[in-house]
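Welcome! Please take a moment to look over the sequence and the model below, and then we can walk through some of its parts together.

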There are 4 protein chains.
Amino acid sequence: MVVTESFIRVRYAETDQMGVVYHANFLVWMEIGRTDYCRMCGFRYAEMEQEAGARLAVTSVQCRYLAPARYDDDILIRTWVSDLRSRQVIFHYTIHQVNTQHLIAEGETIHTVTNQDGKLMRFPQKYFDLLSNG
Amino acid sequence: MVVTESFIRVRYAETDQMGVVYHANFLVWMEIGRTDYCRMCGFRYAEMEQEAGARLAVTSVQCRYLAPARYDDDILIRTWVSDLRSRQVIFHYTIHQVNTQHLIAEGETIHTVTNQDGKLMRFPQKYFDLLSNG
Amino acid sequence: MVVTESFIRVRYAETDQMGVVYHANFLVWMEIGRTDYCRMCGFRYAEMEQEAGARLAVTSVQCRYLAPARYDDDILIRTWVSDLRSRQVIFHYTIHQVNTQHLIAEGETIHTVTNQDGKLMRFPQKYFDLLSNG
Amino acid sequence: MVVTESFIRVRYAETDQMGVVYHANFLVWMEIGRTDYCRMCGFRYAEMEQEAGARLAVTSVQCRYLAPARYDDDILIRTWVSDLRSRQVIFHYTIHQVNTQHLIAEGETIHTVTNQDGKLMRFPQKYFDLLSNG
């Protein structure tokens, strides 16, 4: 199983008045993980959108929050594919605070493949193969 | 069971290059639903934070996406409490596109009660009672 | 001179750890003002994008911040056009906290008209006339 | 004059339905530049907030947009201080697309120093000196 590691630093804009990262931003971080996962598989997600007209629409998201993240924290996002089918892919993520090494969140997103009009389609073979070899 | 209805209109800023609302924004909409739910129960969430020092930290979120939302769409968020305990509350949400009346998403958030330092605490009795009478 | 009034309530997601609205969100509010201004002129901005393929690209933004906005505040955005030419439009905005009636920000955005590929173009006559009659 | 260089990669969440980065996000990028500028001066901005209770409230922002940024683009933010006084600091920014080396935006933010209650104060001497030596 292949796992990508992405590093980000928490932005001020990502905090809320509780003094911690607003929870919806963890979904943005997962998407950074997906982008890096695709790149590691040998393609840019942007290229799959443009060249093959194929998009990974999110149909389901889950996230469990275990500890807060704070402004300027260094964050590690680990991303892997737990299920890959001709019309669907499931990504898993763990999110760690780098200094403390604490697991602060884990999550999953389910995606179907759609064309530019939002119609369901099969994975273009090239990208299915690239993801398979992860 | 009490259900709150919140209406919003999709902002340009909420769309992404797929031409639809970026999925993380549905979590922001759920939070608008929670704010209105508290108001309907007779208190402002901001007041609970300031006066009782109690916060509802998100520990888990789930969202299923059934259809896209688009810029300038009118959106209806329905919010209700499915479980209320001394230290935890679970909110459920359905999100509809108003014109088509289509259900476009449904979700759930689980919250624990914490003080301003993030320590777990029990619901202040006043707010527990207000939410109970929902 | 025609002025549109838009009302919003501050979202939790819009605050930052300073306990006030993150400054970039005022630009999002200005865009809500623009959307309502277009609607008052008799067209939906989304429709101008889709039907005429014309977009208002932001080429310059200015905002002065006079006082903070806070979670759950009711906010009034006033929007008007200060200059309209065949290839450019300038919008002005004032932003007030409704309860205190304090002016909390004022700003300006300059836009050029572009097609879907980002090329400069003239205003489609229909939309120029609608904005002129504002 | 000291100039900081910050590199980011455009996130999918930062795009809008025009297919380019939503303009308000450039303000978020400028704040990343400020954070790095402070770090280069020998302190963490988060530390100034926590230890000295001093914050840099944005009182004015200007941004000129020269060309769009797109998903997955590598972006370079250059940041410097153009004016530093006992109660105010002005930051300037240029933003480049790395591959094309095109200048895509430039901007300026003006900040006053406030305490945690939003009251104006003088720069804590330590941080004024650190910024002076840039």
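How many of the 16 residues of α1(C) are buried? Keep that in mind as you look, and remember that this is a predicted model.

## A helix in chain C

The answer is 14, so to speak of helix α1 of chain C as mostly covered is fair: 14 of its 16 residues are buried, where buried means under 20% relative accessible area. The helix takes in residues 25–40 of chain C. You can check its length for yourself. At 1.5 Å a residue, the 16 residues should span 22 Å, and the end C-alpha atoms are 23 Å apart, which agrees.

Now look just past the helix. α1(C) is followed by C:Gly42, and the phi of C:Gly42 is positive, near 105 degrees.

## A threonine in strand β3 of chain C

Next, find C:Thr79, which lies in strand β3 of chain C, made of residues 74–84. Is C:Thr79 buried or exposed? Its relative accessibility is 0%, so C:Thr79 counts as buried.

Which residues does C:Thr79 touch, leaving aside those up to four places away in sequence? They are C:Val2, C:Val3, C:Thr4, C:Gly33, C:Arg34, C:Tyr37, C:Phe91, C:His92 and C:Tyr93. Among these, C:Gly33, C:Arg34 and C:Tyr37 fall within residues 25–40, the range of helix α1 of chain C.

## Three strands in chain B

Let us move to chain B and begin with strand β4, residues 88–97. This strand is mostly covered, with 8 of its 10 residues buried.

On one pairing, β4(B) runs antiparallel to strand β3 of chain B (residues 74–84), and 9 bridges join the two. One of the places to look is B:Trp80, whose bridge partner in β4(B) is B:His92. The connection between β3(B) and β4(B) is a hairpin through 3 residues.

β4(B) also pairs with strand β5 of chain B (residues 103–114), again in the antiparallel sense and over 9 bridges. Here B:Gln88 has B:Thr112 in β5(B) as its bridge partner. The hairpin of β4(B) and β5(B) has 5 residues between the strands, and in this hairpin B:Gln101 takes a positive phi near 65 degrees.

## Where chain B meets chain A

How many residues of chain B are in contact with chain A? There are 21, and they meet 21 residues of chain A. The area buried between chain B and chain A is about 1900 Å², with carbon and sulfur atoms giving 54% of it. On the chain B side, B:Met18, B:His23 and B:Tyr65 lose the most area to chain A, together 26% of what that side buries. The count of salt bridges between these two chains is 0.

## Where chain B meets chain D

Chain B has a contact with chain D as well, taking 9 residues from chain D and 9 residues from chain B. About 920 Å² is buried between chain D and chain B, 58% of it on carbon and sulfur atoms. D:Tyr12, D:Gln17 and D:Tyr22 supply 59% of the area that chain D buries against chain B, more than any other three residues. Here too the count is 0 salt bridges.

How are the two copies arranged? A turn of 180 degrees with a shift of 0.0 Å along the axis lays chain D on chain B with an RMSD of 0.0 Å. The two copies are thus related as by a two-fold rotation axis. Of the interface residues of chain D, 100% are also interface residues in chain B, so the copies meet through the same surface.

Methods
Residues numbered from 1 in each chain as written. Chains lettered and ligands numbered in written order. Predicted model: local features only at pLDDT ≥ 70, side-chain atom pairs only at ≥ 80, totals over all residues. Heavy atoms only, no water. Least-squares fit on C-alpha atoms with pLDDT ≥ 70 in both. Contact = heavy atoms within 4.5 Å. Buried < 20%, exposed > 50% of the residue type's maximum accessible area, 1.4 Å probe, protein only. Helix = DSSP H or I, 4+ residues; strand = E, 2+ residues; numbered from the N terminus. Pairing = 2+ DSSP bridges. Expected span 1.5 Å × (residues − 1). Buried area = accessible area lost by both parts, 1.4 Å probe. Salt bridge = Lys/Arg side-chain N within 4 Å of Asp/Glu carboxyl O.
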